[in-house]
Amino acid sequence: MSRIAYVNGLYVPHAEAVVHVEDRGYQFADGVYEVCEVRGGHMVDERRHMERLVRSLNEIRIRLPMPLAALGVVLRETVRRNRVRNGFVYLQVTRGVARRDHYFPDPETPPSIVVTARAADPAKGEAVAAQGIAIITVPDNRWERVDIKTVGLLPNVLAKEAARQAGAREAWFVDRDGNVTEGGSTNAWIVTGDGKLVTRPAESGILRGITRTVIMEVAEKLQLRVEERAFTVKEALGAREAFVTSATNFATPVVRIDGQSIGDGKPGPVARALRENFHKVAEIAR
Ligand code: PMP
């Protein structure tokens with residue numbers, strides 16, 4: 001079955017899904033995106049992802065190119081046309097096509113919208129989580145506005161490739177004070193010796209992950225305590241457990257940081273419980 005993408009009002013075969021060379025997303029990374037899980041053919045936490053999209057767009061002053069309800073229809077239609085049962089839907093909005101110039105284009109310039117959907121085998125993710133992942137740490141060299149989900153992901157790309165070359169799956173960014181901010185495409189968590197979950201406050205240095213928010217609710221249901229505070233690499237190395245969260249990973253245990261085992265070097269019970277209960281709390285609109 002051929003894949004279909006939505007590009008600026010049209011559903012087109014994936015191979016023909018192209019944007020103009022002067023799209024500002026292409027030239028300036030002048031755009032934002034969202035990735036939403038698809039489970040059983042339905043989007044997971046669509047409402048929260050759309051809320052964050054609106055926030056990201058507002059922060060960089062791109063107008064929402066169509067009403068949210070219409071955007072929801074496009075997302076669902078892209079999922080449907082690609083016959084995705086389990087996988088992900090990707091949405092990107094840029095400031096549109098205009099002659100290359102740093103200043104914003106004419107306000108009438110329509111924002112560009114691209115939506116793609118892709119199937120993913122849930123069993124593969126489960127196999128990764130069952131093993132746990134290795135991560136490395138790298139200096140956080142990103143700009144301050146990482147709260148905006150922009151398509152400008154070069155530091156994240158370089159960090160994740162460095163992780164892969166080191167035999168790891170994710171890189172944790174570390175700020176100047178030695179505190180972990182977040183992963184290249186995930187939020188970072190540890191479990192302390194007395195069983196508390198610790199993750200960095202979303203007020204600075206990180207993207208407020210939708211999965212991070214939902215995992216906090218899962219933690220509450222499981223009567224686990226969550227502490228939003230900064231933690232250092234040293235504290236993480238001595239933690240009982242560590243894990244990462246994202247729409248594509250849910251909660252995935254971290255078993256090695258910079259080559260050192262965390263806890264007993266195996267996925268821990270807290271991360272496993274959070275993962276198992278994630279979809280009982282996440283919103284799935286049917
Ligand atoms: N931080 C970064 C830098 C990310 O790219 C992502 C994934 N989009 C996350 C955190 C996790 O966010 P979410 O749970 O909304 O997928």
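The following exchange looks at a predicted model, taking up the ligand, the salt bridges, the backbone and the surface in turn.

Biologist: How many residues surround the ligand, and how many of them are charged?

Modeller: The closest residues around the ligand are Arg52, Lys149, Glu182, Ile210 and Thr211, and the elements that give two or more residues to this shell are helix H2, strand E9, helix H6 and strand E13. By class, the shell has four nonpolar and 11 polar residues besides its charged ones. The ligand is surrounded by 18 residues, and the number of charged ones is three.

Biologist: What distance separates a nitrogen atom of the ligand from an N or O atom in the side chain of Lys149?

Modeller: Oxygen atoms of the ligand have polar side-chain atoms beside them, one from Arg52 at 2.8 Å and one from Thr211 at 2.6 Å. For Lys149, the partner in the ligand is a nitrogen atom, and the distance is 2.3 Å.

Biologist: How much of the accessible area that the ligand has on its own does the protein cover?

Modeller: The ligand on its own has 390 Å² of accessible area, which is the reference for the comparison. Of that area, the share covered by the protein is 94%.

Biologist: Which residue forms a salt bridge with Glu227, and is that partner buried or exposed?

Modeller: Glu227 lies in strand E12 and its partner in the loop between strands E10 and E11, so the pair ties together parts that are 31 residues apart in sequence. The closest N and O atoms of the two are 3.2 Å apart, and both residues belong to a network of salt bridges that also links Asp194, Arg229 and Glu235. Glu227 counts as partly exposed at 25% relative accessibility, whereas the partner, at 15%, falls under the 20% limit and therefore counts as buried. That buried partner is Lys196.

Biologist: Why can Arg81 and Glu77, which both lie in helix H3, point the same way?

Modeller: Arg81 and Glu77 form a salt bridge whose closest N and O atoms are 2.8 Å apart. In an α-helix, residues three or four places apart point the same way, because there are 3.6 residues a turn. Arg81 and Glu77 stand in helix H3 at a separation of four residues, about one turn of the helix.

Biologist: Which residue of helix H5 forms a salt bridge with Glu161?

Modeller: Glu161 is partly exposed, with a relative accessible area of 31%, and its partner lies three residues away in helix H5, about one turn of the helix. The partner is exposed, at 58%, and the closest N and O atoms of the pair are 3.1 Å apart. The residue is Arg164.

Biologist: What is the phi of Asn8, and where does Asn8 lie?

Modeller: Most residues other than glycine have a negative phi. Asn8 has a positive phi although it is not a glycine, and it is partly exposed, with a relative accessible area of 40%. Asn8 sits in the loop between strand E1 and strand E2, and its phi is about 45°.

Biologist: Which residues make the nonpolar surface patch of about 310 Å²?

Modeller: One of its members, found in helix H5, has a relative accessible area of 56%, which is over the 50% limit, so this residue counts as exposed. That member is Leu154, and the patch is made by Leu154, Val157 and Leu158.

Key
Residues are numbered from 1 along each chain as its sequence is written. This is a predicted model: local features need pLDDT of at least 70, side-chain atom pairs count only at pLDDT 80 or more; totals for chains, interfaces and linings use all residues. Side-chain values use heavy atoms; hydrogens and water are left out. Patches are made of residues with over 30% relative accessible area and no salt bridge: like charges are joined within 9 Å, nonpolar side chains (Val, Leu, Ile, Met, Phe, Trp, Tyr) within 5 Å. Accessible areas come from the Shrake-Rupley method with a 1.4 Å probe; for residues, only the protein chains shown count as cover. A salt bridge is a side-chain nitrogen of Lys or Arg within 4 Å of a carboxyl oxygen of Asp or Glu. Buried means under 20% relative accessible area, exposed over 50%, partly exposed in between (1.4 Å probe, protein chains only). A residue is near a molecule or strand if one of its heavy atoms lies within 4 Å of it. A polar contact is a pair of N or O atoms within 3.5 Å; within protein, one must be able to donate a hydrogen and the other to accept it, and residues adjacent in sequence count only if both atoms are side-chain atoms. Ala, Val, Leu, Ile, Met, Phe, Trp, Tyr, Cys and Pro count as nonpolar, Asp, Glu, Lys and Arg as charged, and the others, Gly among them, as polar.
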